[in-house]
Amino acid sequence: CGVYFSKRESDCLQLLLSGMTAKMIAKALNISPRTVDCYLETIKTKMGVSTKNDLVDRIFYYFTFIQR
């Protein structure tokens with residue numbers, strides 16, 4: 001069973017992984033920083049983590065060891 005993200009969740013996650021802050025992501029996607037925070041909270045819940053650092057670690061782990 002995989003984890004599925006909406007288009008906007010995927011956009012936010014991709015920009016987060018590229019090093020952008022929530023404020024930068026908001027500007028790039030023309031949405032409010034609060035909306036970005038909501039998307040990131042949803043992503044963290046789906047991934048079973050509680051912090052942005054844990055989220056990034058989990059994503060990199062997945063693509064390094066699972067997606068081979």
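Visitor: Which residues of helix 1 are buried?
Guide: In this predicted model, the buried residues of helix 1 are Glu9, Asp11, Cys12, Leu13, Leu15 and Leu16.

Visitor: How buried is Asp11, in numbers?
Guide: Asp11 has a relative accessible area of 15%. It counts as buried because the cut-off is under 20%.

Visitor: What does the Asp11 side chain pair with?
Guide: The side chain of Asp11 makes a polar contact with the side chain of Lys7, at 2.8 Å.

Visitor: And Arg8, where is that, and is it buried or partly exposed?
Guide: Arg8 is also placed in helix 1. Its relative accessibility is 30%, so it counts as partly exposed.

Visitor: What does Arg8 touch, leaving aside neighbours within four places in sequence?
Guide: Arg8 is in contact with Leu29, Ile31 and Tyr39, with those sequence neighbours left aside.

Visitor: How far is Arg8 from Ala22?
Guide: The C-alpha atoms of Arg8 and Ala22 are 13 Å apart, and the two residues are 14 apart in sequence.

Visitor: Back to the helix. At what angle do helix 1 and helix 3 pack?
Guide: The angle between helix 1 and helix 3 is about 90°, and their axes are 9 Å apart. Helix 1 is therefore roughly perpendicular to helix 3.

Visitor: Which residues make that contact?
Guide: From helix 1, Arg8, Glu9, Cys12, Leu13 and Leu16 take part; from helix 3, Val36, Tyr39, Leu40, Thr42, Ile43 and Lys46.

Visitor: How does the contact of helix 1 with helix 3 split by class?
Guide: Between helix 1 and helix 3 there are seven nonpolar, one polar and three charged residues in the contact.

Visitor: What happens just after helix 1?
Guide: Gly19 comes just after helix 1 and takes a positive phi of about 105°.

Visitor: Which other residue has a positive phi although it is not a glycine?
Guide: Asn30, with a phi of about 55°.

Visitor: Where is Asn30, and is it buried or exposed?
Guide: Asn30 is in the loop between helix 2 and helix 3. It is exposed, with a relative accessible area of 71%.

Visitor: What about helix 2 and helix 3 themselves, at what angle do they cross?
Guide: The axes of helix 2 and helix 3 cross at roughly 110° and come within 8 Å. That crossing counts as roughly perpendicular because the class runs from 65 to 115 degrees.

Visitor: Which residues are in the contact between them?
Guide: Ala22, Ile25 and Ala26 come from helix 2, and Pro33, Val36 and Asp37 from helix 3. By class, the contact of helix 2 with helix 3 has five nonpolar, no polar and one charged residues.

Visitor: Take Pro33, how exposed is it?
Guide: Pro33, found in helix 3, has 39% relative accessibility and counts as partly exposed. Leaving aside neighbours within four places in sequence, Pro33 is in contact with Ala22 and Ala26.

Visitor: How far is Pro33 from Ile59?
Guide: Pro33 and Ile59 are 22 Å apart, C-alpha to C-alpha, with their positions 26 residues apart in sequence numbering.

Visitor: Now the core. How many residues has the largest nonpolar core, and which have the most contacts inside it?
Guide: The largest nonpolar core has 16 residues, and Ile25, Val36 and Leu55 have the most contacts inside it. Helix 1, helix 2, helix 3 and helix 4 (52-66) each give two or more residues to this core.

Visitor: Where is Ile25, and how buried?
Guide: Ile25 is in helix 2, residues 22-29. Its relative accessible area is 0%, so it is buried.

Visitor: What does Ile25 touch, not counting residues up to four places away?
Guide: Ile25 touches Cys12, Leu15, Leu16, Met20 and Val36, on that count.

Visitor: And Val36, leaving aside its neighbours within four places?
Guide: Val36 is in contact with Cys12, Ala22, Ile25, Ala26 and Ile31.

Visitor: Last one, Lys44. Is it buried or exposed?
Guide: Lys44 counts as buried, at 7% relative accessibility. Its place is in helix 3.

Visitor: What surrounds Lys44, not counting residues up to four places away in sequence?
Guide: Lys44 touches Val49, Ser50, Thr51, Lys52 and Leu55, with those closer in sequence not counted.

Terms used: Residues are numbered from 1 along each chain as its sequence is written. This is a predicted model: local features need pLDDT of at least 70, side-chain atom pairs count only at pLDDT 80 or more; totals for chains, interfaces and linings use all residues. Side-chain values use heavy atoms; hydrogens and water are left out. Helices (H or I, at least four residues) and strands (E, at least two) are DSSP runs, numbered from the N terminus. Buried means under 20% relative accessible area, exposed over 50%, partly exposed in between (1.4 Å probe, protein chains only). Contact means heavy atoms within 4.5 Å. A nonpolar core is a set of buried Ala, Val, Leu, Ile, Met, Phe, Trp, Tyr and Cys residues joined through side-chain atoms within 4.5 Å. Axes are lines fitted to C-alpha atoms, for helices over the stretch in contact, and angles run from 0 to 180 degrees between N-to-C directions. Angles under 35 degrees count as roughly parallel, over 145 as roughly antiparallel, 65 to 115 as roughly perpendicular and the rest as oblique. Ala, Val, Leu, Ile, Met, Phe, Trp, Tyr, Cys and Pro count as nonpolar, Asp, Glu, Lys and Arg as charged, and the others, Gly among them, as polar. A polar contact is a pair of N or O atoms within 3.5 Å; within protein, one must be able to donate a hydrogen and the other to accept it, and residues adjacent in sequence count only if both atoms are side-chain atoms.
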